[in-house]
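Thanks for coming. I will go through one protein chain today, mostly how its helices pack. Please look at the structure first.

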Amino acid sequence: MTDPVVREFLLGFWKIHILHHAEEQGVYGQWMLEELHRHGYRLSPGTLYPLLARMARRGWLRATEPKRSRDPRVYRITPAGAEVLKRLRASLAELQHEVGSRPARASARPSSVRKGRSGRAPRRH
């Protein structure tokens, strides 16, 4: 990903995705890379693993130590992570309602936004 603006926004999507799956069944790095890839996100292990570690340091995920050296480290959601996910779901629902696809309506904006002090619509530049 070369565009830092797009990457910054996608980082939030990736975190939500991780919390969601960590709540469902727990996640491990390679599986999460494949899952995100399935949704069109192209992450490298060098991006994902530090992200998982950061989410664990923040207390949103808890990693289980593998029993054998070849087993994956599984990340599961913590109560704090579940609370974050609950808040994010509410925010996502509100955002979807606000900006989701719907027919454009000129009357959706308050009249104070549509017209300037002169009573005319603002000029487009």
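Before the helices, one term: an axis here is a line fitted to C-alpha atoms, for helices over the stretch in contact, and the angle between two axes is taken between their N-to-C directions, from 0 to 180 degrees. With that, take helix H1 and helix H3, residues 45–57: their axes come within 11 Å and cross at roughly 65°. The crossing of H1 and H3 is right-handed. On the H1 side, the contact is made by Arg7, Leu11, Trp14, Lys15, Ile18 and Leu19. On the H3 side, the residues are Thr47, Leu48, Leu51, Leu52 and Met55. Sorted by class, the contact of H1 with H3 has eight nonpolar, one polar and two charged residues.

Now a step back to the whole chain. This is a predicted model, so please keep that in mind. The protein chain has five helices and two strands. In sequence order the pattern is α-α-α-β-β-α-α. There are 125 residues, and 27% of them count as buried. The chain exposes about 9600 Å², with carbon and sulfur atoms supplying 53% of that area. Among contacts with a separation of 6 or more, 42% are between residues 24 or more positions apart.

Back to H1, which is residues 4–24. How does H1 pack against helix H2, residues 29–38? The angle is about 120°, and the axes are 11 Å apart. That makes H1 oblique to H2, because angles from 65 to 115 degrees would count as roughly perpendicular and those over 145 as roughly antiparallel. H1 passes H2 in a right-handed crossing. From H1, the residues in this contact are Trp14, His17, Ile18 and His21; from H2, they are Trp31, Met32, Glu35 and Leu36. By class, that contact has five nonpolar, two polar and one charged residues.

The next partner of H1 is helix H4, residues 79–99. Here the axes are 10 Å apart and the angle is about 125°. So H1 is oblique to H4. What is the handedness of the crossing of H1 and H4? It is left-handed. Ile16, Leu19, His20 and Glu23 of H1 meet Gly81, Val84, Leu85, Leu88, Arg89 and Leu92 of H4. The residues of this contact divide into six nonpolar, two polar and two charged.

Two single residues to finish. Leu48 lies in helix H3. Is Leu48 buried or exposed? Its relative accessibility is 0%, so Leu48 counts as buried. Leaving out neighbours within four places in sequence, Leu48 is in contact with Ile18, Gly29, Met32, Leu33, Leu36 and Leu43. Leu48 and Lys15 are 33 residues apart in sequence, and their C-alpha atoms are 9.7 Å apart in space.

The other residue is Tyr28, in the loop between H1 and H2. At 34% relative accessibility, Tyr28 counts as partly exposed, because buried means under 20% and exposed means over 50%. Not counting residues up to four places away in sequence, Tyr28 touches Pro72, Arg73 and Val74. The C-alpha atoms of Tyr28 and Leu52 are separated by 9.1 Å, with their positions 24 residues apart along the chain.

That is where I will stop.

Conventions. Residues are numbered from 1 along each chain as its sequence is written. This is a predicted model: local features need pLDDT of at least 70, side-chain atom pairs count only at pLDDT 80 or more; totals for chains, interfaces and linings use all residues. Side-chain values use heavy atoms; hydrogens and water are left out. Helices (H or I, at least four residues) and strands (E, at least two) are DSSP runs, numbered from the N terminus. Buried means under 20% relative accessible area, exposed over 50%, partly exposed in between (1.4 Å probe, protein chains only). Contact means heavy atoms within 4.5 Å. Accessible areas come from the Shrake-Rupley method with a 1.4 Å probe; for residues, only the protein chains shown count as cover. Angles under 35 degrees count as roughly parallel, over 145 as roughly antiparallel, 65 to 115 as roughly perpendicular and the rest as oblique. A crossing is left-handed if the near helix is turned anticlockwise from the far one by less than a right angle, and right-handed if clockwise. Ala, Val, Leu, Ile, Met, Phe, Trp, Tyr, Cys and Pro count as nonpolar, Asp, Glu, Lys and Arg as charged, and the others, Gly among them, as polar.
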